[in-house]
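Hi everyone, thanks for making the time this morning. I'd like to walk you through one structure and the charged side chains in it. Have a look at it with me.

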Amino acid sequence: MEQDHQEMQLLSYSSTPQYPLPWPSQSPSVDLQLSISVGGPSVEALKREAAEQIRLAGMEKAYAEHVMEMSRREMEVAQTEFMRARSLWERAREEVQRAHKLRERAAAMEITCLSCRHKFRPN
């Protein structure tokens, strides 16, 4: 009932506006009537909802940044471990090459056991 009364008051308002209207053909009463008849949420409710959405977006952004930082750190650790593993593999490969060279040299040399005087024969 009070809303009907407000609509009537708004409809009876017909003075010239002191500000520019969004559409030149509309009078203030029509503009106000449309905003009241829609019956949507209040401006304050919309502001609260927008603030909540901004807050949630900020939280999501902070979480995404945290996940990105953790991923970056994990990548750094993985790269460090990979370099360490590659270095160990290189050292092992060099040792295997040295062992093969020693075996080749031993095969070319005649090695005799001093106690039994038998010649050493590599397999």
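Let's start at Arg72, which counts as partly exposed, with a relative accessibility of 39%. Keep in mind as we go that this is a predicted model.

Which side chains does Arg72 meet in salt bridges? One is Glu69, with a distance of 2.4 Å from N to O. Another is Glu76, where the N to O distance is 2.4 Å.

Now look at how these residues sit along the chain. Arg72 and Glu69 are both in helix H3, three residues apart, or about one turn of the helix. Glu76 and Arg72 are four residues apart in helix H3, so about one helical turn separates them. These salt bridges share partners, and Glu69, Arg72, Arg73 and Glu76 are joined that way into one network.

How accessible are the two glutamates? Glu76 has a relative accessible area of 39%, which makes this residue partly exposed. Glu69 is partly exposed as well, at 27%. The range for that label runs from 20% to 50%, so the 27% of Glu69 falls inside it.

As a general reminder, side chains of opposite charge can pair when their charged atoms come close.

Let's move along to another pair, Glu65 and Lys61. What is the distance between their closest N and O atoms? For this salt bridge it is 3.9 Å. The cut-off is within 4 Å, so the pair counts as a salt bridge at 3.9 Å. Again we are in helix H3, which covers residues 43-108. Glu65 and Lys61 are four residues apart there, and so are separated by about one helical turn.

Is Lys61 buried or exposed? Lys61 counts as exposed, because its relative accessibility is 54% and the label applies over 50%. Its partner Glu65 is partly exposed, with a relative accessible area of 43%.

Let me step back to the whole protein. In total, the structure holds seven salt bridges. How many helices and strands are there? There are three helices and zero strands, and read along the sequence the pattern is α-α-α.

Finally, a word on the surface. The protein has 123 residues, and buried ones make up 2% of them. Its accessible surface comes to about 11,500 Å², with 59% of that belonging to carbon and sulfur atoms.

That's my tour, so thanks for listening, and I'm happy to go back to any of the pairs.

Methods: Residues are numbered from 1 along each chain as its sequence is written. This is a predicted model: local features need pLDDT of at least 70, side-chain atom pairs count only at pLDDT 80 or more; totals for chains, interfaces and linings use all residues. Side-chain values use heavy atoms; hydrogens and water are left out. Helices (H or I, at least four residues) and strands (E, at least two) are DSSP runs, numbered from the N terminus. Buried means under 20% relative accessible area, exposed over 50%, partly exposed in between (1.4 Å probe, protein chains only). Accessible areas come from the Shrake-Rupley method with a 1.4 Å probe; for residues, only the protein chains shown count as cover.
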